[in-house]
Amino acid sequence: MKIKKILVSQPQPSEKSPYFDIAEKYGVNIVFRPFIKVEGLSSKEFRQQKISLPEYTAVIFTARTAIDHFFTLCESLRVTIPETMKYFCTTEAIALSAKIHRLSQTENILREHRKTRRPYSLAQQAQLREIPVTRLRRQ
(Lines give C-alpha, C1' and ligand atoms only; values in the text may rest on other atoms or scores of the structure.)
Protein backbone atom coordinates (compact mmCIF):
# COMPACT_ATOMS: atom_id res chain seq x y z
CA MET A 1 0.00 0.00 0.00
CA LYS A 2 1.50 3.33 -1.05
CA ILE A 3 1.16 6.28 1.32
CA LYS A 4 -0.26 9.33 -0.45
CA LYS A 5 -1.66 11.56 2.27
CA ILE A 6 -0.42 12.02 5.86
CA LEU A 7 -2.29 13.67 8.74
CA VAL A 8 -0.09 15.39 11.33
CA SER A 9 -1.70 16.35 14.66
CA GLN A 10 -0.18 19.80 15.07
CA PRO A 11 -0.54 23.30 13.63
CA GLN A 12 1.26 23.91 10.34
CA PRO A 13 4.95 24.60 11.06
CA SER A 14 7.22 27.17 9.41
CA GLU A 15 8.64 26.63 5.93
CA LYS A 16 11.91 25.28 7.39
CA SER A 17 10.20 22.20 8.84
CA PRO A 18 11.51 18.78 7.78
CA TYR A 19 7.91 17.77 7.00
CA PHE A 20 8.06 19.76 3.77
CA ASP A 21 11.31 18.06 2.77
CA ILE A 22 9.68 14.66 3.32
CA ALA A 23 6.61 15.69 1.30
CA GLU A 24 8.77 16.83 -1.60
CA LYS A 25 11.14 13.85 -1.49
CA TYR A 26 8.44 11.17 -1.37
CA GLY A 27 5.65 12.98 -3.22
CA VAL A 28 3.12 12.80 -0.40
CA ASN A 29 0.56 15.33 0.72
CA ILE A 30 0.92 16.34 4.38
CA VAL A 31 -2.09 17.87 6.11
CA PHE A 32 -1.67 19.63 9.46
CA ARG A 33 -4.69 19.64 11.78
CA PRO A 34 -4.34 20.23 15.51
CA PHE A 35 -6.77 17.88 17.22
CA ILE A 36 -5.14 17.82 20.63
CA LYS A 37 -5.67 20.67 23.05
CA VAL A 38 -3.73 20.96 26.29
CA GLU A 39 -5.40 22.94 29.05
CA GLY A 40 -4.10 23.53 32.52
CA LEU A 41 -6.04 22.48 35.59
CA SER A 42 -7.52 25.05 37.89
CA SER A 43 -6.16 25.25 41.42
CA LYS A 44 -9.33 23.63 42.71
CA GLU A 45 -9.07 20.68 40.30
CA PHE A 46 -5.41 20.19 41.19
CA ARG A 47 -6.11 20.25 44.96
CA GLN A 48 -8.81 17.59 44.51
CA GLN A 49 -6.11 15.19 43.26
CA LYS A 50 -4.32 15.59 46.62
CA ILE A 51 -0.87 15.95 45.07
CA SER A 52 1.81 17.54 47.23
CA LEU A 53 4.40 19.04 44.87
CA PRO A 54 7.19 19.41 47.49
CA GLU A 55 7.14 15.61 47.99
CA TYR A 56 8.49 15.08 44.48
CA THR A 57 12.16 15.38 43.64
CA ALA A 58 11.82 15.75 39.86
CA VAL A 59 9.40 16.78 37.13
CA ILE A 60 9.50 15.68 33.49
CA PHE A 61 8.19 18.23 31.01
CA THR A 62 7.13 17.06 27.56
CA ALA A 63 5.81 20.39 26.24
CA ARG A 64 6.28 24.11 26.76
CA THR A 65 2.63 24.47 27.68
CA ALA A 66 3.18 21.99 30.50
CA ILE A 67 5.88 24.29 31.89
CA ASP A 68 3.59 27.32 31.67
CA HIS A 69 0.77 25.48 33.43
CA PHE A 70 3.09 24.03 36.10
CA PHE A 71 4.58 27.36 37.17
CA THR A 72 1.22 29.16 36.95
CA LEU A 73 -0.30 26.47 39.15
CA CYS A 74 2.56 26.73 41.66
CA GLU A 75 2.05 30.50 41.89
CA SER A 76 -1.72 30.25 42.31
CA LEU A 77 -1.35 27.55 44.99
CA ARG A 78 1.47 29.56 46.65
CA VAL A 79 3.66 26.47 46.58
CA THR A 80 7.38 26.99 47.05
CA ILE A 81 9.29 24.63 44.85
CA PRO A 82 12.16 23.02 46.80
CA GLU A 83 15.67 23.89 45.69
CA THR A 84 16.40 20.19 45.24
CA MET A 85 13.68 19.84 42.58
CA LYS A 86 15.12 18.73 39.26
CA TYR A 87 13.55 19.36 35.88
CA PHE A 88 13.90 17.01 32.93
CA CYS A 89 12.81 17.98 29.43
CA THR A 90 12.38 15.95 26.26
CA THR A 91 13.86 18.62 23.96
CA GLU A 92 16.27 21.54 24.13
CA ALA A 93 13.46 24.01 23.35
CA ILE A 94 11.45 22.80 26.32
CA ALA A 95 14.53 22.96 28.57
CA LEU A 96 15.13 26.55 27.48
CA SER A 97 11.53 27.42 28.31
CA ALA A 98 11.94 25.89 31.80
CA LYS A 99 15.09 27.94 32.39
CA ILE A 100 13.29 31.10 31.29
CA HIS A 101 10.51 30.40 33.81
CA ARG A 102 13.04 29.91 36.60
CA LEU A 103 14.79 33.15 35.62
CA SER A 104 11.52 35.09 35.58
CA GLN A 105 10.72 33.79 39.06
CA THR A 106 14.14 34.96 40.21
CA GLU A 107 13.55 38.38 38.66
CA ASN A 108 10.20 38.66 40.47
CA ILE A 109 11.86 37.88 43.80
CA LEU A 110 14.59 40.47 43.20
CA ARG A 111 12.04 43.09 42.10
CA GLU A 112 9.96 42.47 45.25
CA HIS A 113 13.07 42.74 47.41
CA ARG A 114 14.07 46.05 45.82
CA LYS A 115 10.60 47.48 46.52
CA THR A 116 10.32 46.39 50.15
CA ARG A 117 13.99 46.14 51.20
CA ARG A 118 13.01 43.27 53.47
CA PRO A 119 15.42 40.34 53.84
CA TYR A 120 14.82 37.31 51.65
CA SER A 121 12.72 34.55 53.15
CA LEU A 122 14.17 31.03 53.16
CA ALA A 123 11.82 30.11 50.32
CA GLN A 124 13.03 33.06 48.26
CA GLN A 125 16.65 32.18 48.96
CA ALA A 126 15.97 28.67 47.68
CA GLN A 127 14.38 30.02 44.50
CA LEU A 128 17.30 32.35 43.84
CA ARG A 129 19.70 29.44 43.58
CA GLU A 130 20.11 28.12 40.05
CA ILE A 131 18.32 24.82 39.55
CA PRO A 132 19.61 22.75 36.65
CA VAL A 133 17.30 21.78 33.82
CA THR A 134 18.31 18.59 32.05
CA ARG A 135 17.35 17.29 28.64
CA LEU A 136 16.38 13.61 28.53
CA ARG A 137 18.64 11.60 26.27
CA ARG A 138 17.30 8.84 24.09
CA GLN A 139 19.03 5.53 24.54
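Is lysine 50 buried or exposed? Select lysine 50: at 77% relative accessibility, the residue counts as exposed. The scale runs as follows: buried is under 20% relative accessible area, exposed is over 50%, and partly exposed is in between (1.4 Å probe, protein chains only). Areas come from the Shrake-Rupley method with a 1.4 Å probe, and for residues only the protein chains shown count as cover.

Before moving on, note that this is a predicted model, where local features need pLDDT of at least 70, side-chain atom pairs count only at pLDDT 80 or more, and totals for chains, interfaces and linings use all residues. Residues are numbered from 1 along each chain as its sequence is written, and side-chain values use heavy atoms, with hydrogens and water left out.

**Stop 1: the whole chain**

Show the cartoon. The protein chain has five helices and five strands. Both are DSSP runs numbered from the N terminus: helices are H or I with at least four residues, strands are E with at least two. Along the sequence the pattern reads β-α-β-α-β-α-β-α-α-β.

Switch to a surface. The accessible surface comes to about 10,900 Å², and 53% of that belongs to carbon and sulfur atoms. Of the 139 residues, 25% count as buried.

Now turn to contacts, meaning heavy atoms within 4.5 Å. Among contacts with a separation of 6 or more, residues 24 or more positions apart account for 65%.

**Stop 2: two loop residues with positive phi**

Go back to lysine 50. The residue sits in the loop between helix 2 (43-48) and strand 3. Its phi is near 55 degrees, a positive value in a residue other than glycine.

Next, select arginine 78. This residue is in the loop between helix 3 and strand 4 (86-89). Phi of arginine 78 is also positive, near 55 degrees, again in a residue other than glycine. Arginine 78 is exposed, with a relative accessible area of 76%.

**Stop 3: the aromatic pairs**

Show the rings. How many aromatic pairs does a search of the whole structure find? The search finds five. Rings of Phe, Tyr and Trp (its six-membered ring) pair if their centres lie within 6.5 Å; planes under 30 degrees apart are stacked, over 60 edge-to-face, and the rest tilted.

Select tyrosine 19 and phenylalanine 32. The two form an edge-to-face pair, 5.4 Å centre to centre, with 80 degrees between the planes. Tyrosine 19 lies in helix 1 (residues 18-26) and phenylalanine 32 in strand 2 (residues 29-32), so the pair ties together parts that are 13 residues apart in sequence. Tyrosine 19 is partly exposed, at 29% relative accessibility. Phenylalanine 32 is buried, at 8%.

Move to phenylalanine 70 and phenylalanine 71. They form an edge-to-face pair too, at 5.2 Å centre to centre and 80 degrees between the planes. Both of these phenylalanines are buried.

Then add Phe20 to the earlier selection: Tyr19, Phe20 and Phe32 form one aromatic cluster.

**Stop 4: the largest pocket**

Rolling a probe the size of a water molecule over the atoms shows where empty space is left. The largest pocket holds about 400 Å³ of space. On a 1 Å grid over the protein atoms alone, a pocket is an open set of points with protein on both sides within 12 Å along at least five of seven lines, and lining residues have an atom within 4 Å of a point. Grid points are joined across faces, edges and corners, and the volume is the space filled by probe spheres set on the points.

Select Phe46, Val59, Ala66, Phe70 and Leu73: of the 17 lining residues, these are the closest to the pocket centre. Strand 3 (58-61) and helix 3 (64-77) are the elements that give two or more residues to the lining. The lining divides into 13 nonpolar residues, three polar and one charged. Here Ala, Val, Leu, Ile, Met, Phe, Trp, Tyr, Cys and Pro count as nonpolar, Asp, Glu, Lys and Arg as charged, and the others, Gly among them, as polar.

**Stop 5: contacts across the sequence**

Select serine 43, in helix 2. At 17% relative accessibility, serine 43 counts as buried. Not counting residues up to four places away in sequence, serine 43 touches Leu73, Ser76 and Leu77.

Next comes valine 38, in the loop between strand 2 and helix 2. Valine 38 is exposed, at 53% relative accessibility. With residues up to four places away in sequence left out, valine 38 touches Thr65 and His69.

Finish on threonine 65, in helix 3. Threonine 65 is partly exposed, at 35% relative accessibility. Draw a distance to glutamate 39: the two are 26 residues apart in sequence and 8.3 Å apart in space, C-alpha to C-alpha.

Conventions: On a 1 Å grid over the protein atoms alone, a cavity is a set of points where a 1.4 Å probe fits but cannot get out, and a pocket is an open set with protein on both sides within 12 Å along at least five of seven lines; lining residues have an atom within 4 Å of a point.
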